[in-house]
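User: Hi! I'm new to reading protein structures. Could you walk me through this one?
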Amino acid sequence: MENQKDTLIELKHVKKVFEDGVTVIEDLSLEIKKGEFVTLLGPSGCGKTTILRMIGGFEKPTSGELLLNGKDISNLPPNERPINTVFQKYALFPHLNVYDNIAFGLKIKGVDKKTQDEKVKKVLEMVDLEGFEKRSISTLSGGQQQRIAIARAIVNEPEVLLLDESLSALDAKMRKEMQIELKEMHKKLGITFIFVTHDQEEALTMSDKVVVMSDGDIQQIGTPEDIYNEPKNLFVADFIGESNIFNGKMVGKKQVEFGGAVFECVDDYAVDTVIDAVVRPEDVEITEAGKGRIQGEVLSCDFKGIFYVTNVKTDKAEVEIHNLKSYQIGDKVGLDLAPDSIHIIPYDTSINHYEGEIKSYEAETGFEIAFEDFTLTVPADRIFPGCKEANGVLQTEGGEEIAWEGTSVTMSFRPEDATLSDDAEAGFVSGNIFNFIFMDDYYRYRVRSESEEDYIVNDAYLWNNEDHVSVNVPMEKFVFEVKKA
Amino acid sequence: MKYTFHRKQLAIPYAIFLLLFVILPLLVVIFYAFTNEEGHVSFHNFVAFFQSGKTVGTLLYSIVIALVTTAICLLIAYPTAYILSKTGMKSGDALLLLFVLPMWINFTLRITALKEILTLLEGNLAFHPFANTIICMVYDFLPFMIMPLYNTLTKLDDSYVEAAQDLGAKKSHVFLKVILPLSVPGIVSGVTMVFLPSMTNYVVLDMVYNSTFIMGSLIGSYFSAYDWHNGSVISIILLLIICVITAISNRYTENDKADRRVGALK
């Protein structure tokens with residue numbers, strides 16, 4: 001296959017558990033092609049740096065394969081990999097001058113002095129620091145150190161250059177300049193760049209391919225345009241750029257209803273599919289009151305330099321809009337959306353599914369079902385509809401005995417049926433909020449229990465990350481299903 | 001008149017102490033070193049020091065003992081400090097205590113105990129005077145070498161090691177080209193803390209051998225014989241040696257400061 005040939009680095013089902021028992025990466029697979037500029041983008045703690053360190057050889061995968069040109073390099077020490085790194089804090093050797101720092105790798109390889117001189121001169125030209133050979137590291141500014149760190153890495157002509165949040169220590173203006181320079185350098189060198197950042201703008205500006213990560217998992221891989229315009233899930237939509245997220249459902253062929261109106265859209269899903277609609281603030285059109293499909297009132301309008309951020313309150317939601325015109329607070333306006341400005345994400349039906357096992361049965365209360373984090377007492381007919389008890393034995397409607405012992409049961413609930421409480425005992429399970437997204441008129445929270453199960457809850461109140469909360473769902477809202485053996 | 005308190009006034013007690021117990025005695029020592037018994041200015045004492053085989057021999061012997069002690073301390077302390085610094089903060093500190101703990105036991109007690117152990121092993125200490133002196137000295141000064149090395153090595157940023165590996169350095173190269181040069185400030189301060197005291201430490205020789213064949217005890221023996229002039233000369237010579245060594249080691253600590261500036265930039 002043509003594709004296979006171009007693959008330079010491949011991670012296959014990589015898992016990483018640190019010595020203290022923390023699992024950073026559960027099961028991750030990723031392909032990186034020759035000559036690509038790939039950015040691993042995600043919030044801090046999402047495992048992006050760990051992946052970079054595994055490729056660099058500073059961490060070993062706990063399991064899984066790490067292939068370079070088709071060969072497993074998991075156990076190869078960093079010094080034997082054709083890969084060089086630009087470290088987050090540059091890690092330039094303070095006891096060596098600029099020349100010796102850059103020539104460090106060449107000297108170890110035994111390159112002769114003349115070639116060393118030439119190569120050092122060439123890379124210094126490339127990073128625009130000609131004549132800096134004799135300078136001591138401590139006399140360089142942050143930006144200059146950054147360039148020397150890049151020079152020190154590329155002088156070795158690696159197949160892959162790893163950049164670990166390399167621009168984060170620079171000020172905003174310098175960072176912008178370096179973004180452009182790095183991109184040009186990538187074109188000139190033609191080697192693979194793998195860049196790690198938490199800055200979405202940086203990722204969108206520089207990369208050929210962006211890998212959006214959260215929580216040790218890849219959320220989406222795509223070109224910058226793809227991940228901005230076609231986010232695959234709510235996390236990506238919320239993390240990349242600003243977005244209005246509405247809850248709604250499909251009402252016809254390419255017809256979607258949300259925010260109190262029906263819109264045409266370009267995505268085609270079956271009628272009645274529950275969806276989340278993502279609309280970028282710059283795609284919302286503001287029209288005169290009475291026109292447009294949604295009516296609202298301006299809540300605020302702030303000047304941001306190139307555009308105004310206008311917040312409009314409609315009777316169903318609050319919408320953020322980036323537009324070029326200024327409005328007065330209280331202005332009545334109409335809002336409209338073009339079909340291609342609506343991006344539809346079908347509701348993920350796999351969330352909030354938990355598996356348990358029936359442990360015991362009491363005639364009065366029902367089954368005790370043990371899940372990983374909690375135990376629920378469920379009336380028997382919720383599990384086996386129509387069942388009844390006769391002679392102390394649980395029977396089906398037809399009178400057959402039910403062998404309930406050890407039966408596996410799946411429980412699920414909808415995020416909108418759950419509520420959060422700060423009383424850890426109030427709900428059926430408790431955990432810490434680790435992520436939340438503002439939807440049109442509520443927040444979508446992800447709560448993680450101690451055993452690392454996630455619970456997704458829509459709640460109107462504003463909670464904070466790290467809040468310890470319990471999840472409450474009324475018994476009638478749980479959906480139970482017996483797993484067929 | 002209103003009395004105003006200045007922070008500088010806090011230094012008065014120490015200034016008095018400095019004047020009475022450091023500067024005045026030093027002037028007295030200098031006076032005696034450059035005068036003869038009649039009270040005339042003379043360099044005879046210095047000439048005599050370098051002409052006498054006994055005094056020059058003692059000086060050389062002291063230097064040799066100090067050099068060997070320092071070298072052995074360094075050889076033992078470096079790997080120890082390196083391993084301790086790599087074990088992770090908590091257990092490292094606990095282990096370090098094991099090496100530093102002997103310092104809390106009375107010095108004479110330690111040397112007496114060591115002397116008994118050596119006697120038990122060798123039968124008679126007279127057979128290996130040099131080796132025994134070195135053993136006692138090393139035992140005494142080792143913690144002073146481990147401490148500064150441990151401090152420097154724990155502060156050494158792991159990213160330097162990773163950067164070196166990344167650039168293709170094998171473990172041996174990483175050590176020789178990165179870890180060792182970056183731990184020079186620790187080595188220098190360890191060496192100063194061991195070399196200078198071990199050159200003048202006469203307690204060990206005195207207790208183990210009743211010997212005065214070391215600079216410190218030489219001074220003591222002149223002074224106890226009321227020969228202020230010759231005793232002062234030796235003091236001055238030692239002082240000069242100390243000044244030279246301190247000047248050299250200061251140059252390294254200045255480099256260390258420059259490194260820290262890089263740290264601030266990062």
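**A strand and its neighbours**

Analyst: Happy to! Strand 26 of chain A runs antiparallel to strand 32 (residues 479-482) of chain A, and four bridges join the two. Keep in mind that this is a predicted model.

User: Which residue is the bridge partner of Thr410(A) in strand 32 of chain A?

Analyst: That's Glu481(A).

User: And how many bridges pair strand 21 with strand 26 in chain A?

Analyst: Five, and this pairing is antiparallel too. Strand 21 of chain A covers residues 353-362. One spot to look at is Gly356(A), which stands opposite Val409(A) of strand 26.

User: Why is strand 26 of chain A described as largely enclosed by the rest of the structure?

Analyst: Strand 26 of chain A has five residues, 408-412, and four of them are buried, so the rest of the structure largely encloses this strand.

User: Nice. Zooming out, how many helices and strands does chain A have?

Analyst: Chain A has 10 helices and 32 strands. Of its 485 residues, 50% are buried. The C-alpha trace of chain A spans about 95 × 60 × 50 Å along its principal axes.

User: New topic: what sort of charge gathers on the surface around Glu282(A)?

Analyst: Negative charge! Glu282(A) sits in a surface patch with Asp283(A), Glu285(A) and Asp340(A). You'll find Glu282(A) in the loop between strand 14 (274-279) and strand 15 (284-288) of chain A.

User: Why does Glu282(A) count as partly exposed?

Analyst: Its relative accessible area is 37%, and partly exposed covers the range between the 20% and 50% cut-offs, so Glu282(A) fits that class.

User: What about backbone angles? What is notable about the phi of Tyr90(A)?

Analyst: Tyr90(A) has a positive phi of about 70°, although it isn't a glycine. Most residues other than glycine have a negative phi. Tyr90(A) lies in the loop between strand 6 (83-86) and helix 3 (98-109) of chain A.

User: And what is the phi of Glu157(A) near?

Analyst: Near 50°, again a positive value in a residue other than glycine. Glu157(A) is in the loop between helix 5 (142-154) and strand 7 (160-164) of chain A.

User: Are those two buried or exposed?

Analyst: Tyr90(A) is buried, at 2% relative accessibility, whereas Glu157(A) is exposed, with a relative accessible area of 55%.

User: Last one: where in chain B is Thr70(B)?

Analyst: Thr70(B) is in helix 3 (residues 53-86) of chain B, and it's buried, with a relative accessible area of 6%. From Thr70(B) to Val47(B) is 23 residues in sequence and 30 Å in space, C-alpha to C-alpha.

Terms used: Residues numbered from 1 in each chain as written. Chains lettered and ligands numbered in written order. Predicted model: local features only at pLDDT ≥ 70, side-chain atom pairs only at ≥ 80, totals over all residues. Heavy atoms only, no water. Patch = residues over 30% accessible without salt bridge, like charges linked within 9 Å, V, L, I, M, F, W, Y side chains within 5 Å. Areas by Shrake-Rupley, 256 points an atom, 1.4 Å probe, with all protein chains shown as cover. Salt bridge = Lys/Arg side-chain N within 4 Å of Asp/Glu carboxyl O. Lys, Arg positive; Asp, Glu negative; His and termini not counted. Charge placed at Lys NZ, Arg CZ, Asp CG, Glu CD. Buried < 20%, exposed > 50% of the residue type's maximum accessible area, 1.4 Å probe, protein only. Pairing = 2+ DSSP bridges.
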